[in-house]
Amino acid sequence: MFAIPGQSPVTVTPAAAKQIARLMTKQEAAGLKIGVKKGGCAGMEYTMDYVEEIGTHDEVVEVGDARVIIAPMAQMFLFGTEIDYETSLLESGFKFRNPNVVDACGCGESIKFDDTLGQPT
């Protein structure tokens, strides 16, 4: 939908690919679907859900055995994002390094995108 031919809309680090593949196997899922929704103190939040089927307009990114599916309405917001998986002493989880984000709440759970994103220039 918003893809540039020959360029992946998101990049997935080896650590994230390993974790996604592990979760897909455990849940017997076709992939991990990434999206965005309204919410949180900054205005938007990322969503992650297991899916059994890939939609017609979904963008699919495969890295090894990992399959990331991007919801159609989220593609313009996620373009250029790096998805990583980090583990520390206190927490572990997926991290999104998204060049389209202009602000985030203090806890990092919600984000704000550039108001002009998706508008004609």
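**A guided tour of the predicted model**

Begin with the whole chain in cartoon view: the protein chain contains 2 helices and 9 strands. This is a predicted model. Following the cartoon from the N terminus, one meets the elements in the order β-α-β-β-β-β-α-β-β-β-β. Of the 121 residues in the protein chain, 39% are buried. If the surface is switched on, the protein chain exposes about 7600 Å², and carbon and sulfur atoms supply 51% of that area. Among contacts with a separation of 6 or more, 52% are between residues 24 or more positions apart.

**First stop: helix H1**

Select residues 14-27, which form helix H1. Its 14 residues reach 20 Å from the first C-alpha to the last, close to the 20 Å expected at 1.5 Å a residue. Now show the side chains of Ala16, Ala17, Gln19, Ile20, Ala21, Leu23 and Met24; these residues of H1 are buried. Move on to Glu28, just after H1, where the backbone takes a positive phi of about 50°.

**Second stop: the sheet beside the helix**

Next select strands E1 (10-12), E6 (81-87) and E7 (92-97). These 3 strands form an open sheet in the order E1-E6-E7, with mixed pairing. E1 and E7 are the edge strands, each of them pairing on one side only. From one strand to the next, the twist averages 25°.

Consider the two pairings in turn. E1 and E6 run parallel and are joined by 3 bridges; to locate this pairing, select Val10, whose bridge partner in E6 is Thr81. E6 and E7 run antiparallel and are joined by 6 bridges. These two strands form a hairpin, with 4 residues between them. On this side, select Glu86, which stands opposite Gly93 in E7.

Restore H1 to the view. The helix lies across E1, E6 and E7, and runs at about 75° to E6.

**Third stop: Gln19**

Select Gln19, which lies in helix H1. Is this residue buried or exposed? Its relative accessible area is 12%, and because residues under 20% count as buried, Gln19 is classed as buried. Which residues does Gln19 contact, leaving aside its neighbours within four places in sequence? They are Tyr85 and Phe94.

**Fourth stop: the nonpolar core**

Move next to Ile20. Leaving aside neighbours within four places in sequence, Ile20 is in contact with Val12, Leu32, Ala66, Arg67, Val68 and Phe94. Phe94 therefore appears in the contact lists of both Gln19 and Ile20, with contact meaning heavy atoms within 4.5 Å.

Now widen the selection to the largest nonpolar core, which has 26 residues. Ile20, Val68, Ile83 and Phe94 touch the most other members. Which elements each supply at least two residues of this core? They are strand E1, helix H1, strand E2 (31-38), strand E5 (66-70), helix H2 (75-78), strand E6, strand E7 and strand E9 (111-113). Colouring the core by element shows that H1 contributes the largest share, 6 residues.

**Closing view**

To finish, display H1 together with the three-stranded sheet E1-E6-E7. In this view H1 lies across the strands, and H1, E1, E6 and E7 each supply at least two residues of the core.

How values were computed:
Residues are numbered from 1 along each chain as its sequence is written. This is a predicted model: local features need pLDDT of at least 70, side-chain atom pairs count only at pLDDT 80 or more; totals for chains, interfaces and linings use all residues. Side-chain values use heavy atoms; hydrogens and water are left out. The expected span of a helix is 1.5 Å times one less than its number of residues. Buried means under 20% relative accessible area, exposed over 50%, partly exposed in between (1.4 Å probe, protein chains only). Accessible areas come from the Shrake-Rupley method with a 1.4 Å probe; for residues, only the protein chains shown count as cover. A nonpolar core is a set of buried Ala, Val, Leu, Ile, Met, Phe, Trp, Tyr and Cys residues joined through side-chain atoms within 4.5 Å. Two strands pair if DSSP finds at least two bridges between them. Axes are lines fitted to C-alpha atoms, for helices over the stretch in contact, and angles run from 0 to 180 degrees between N-to-C directions.
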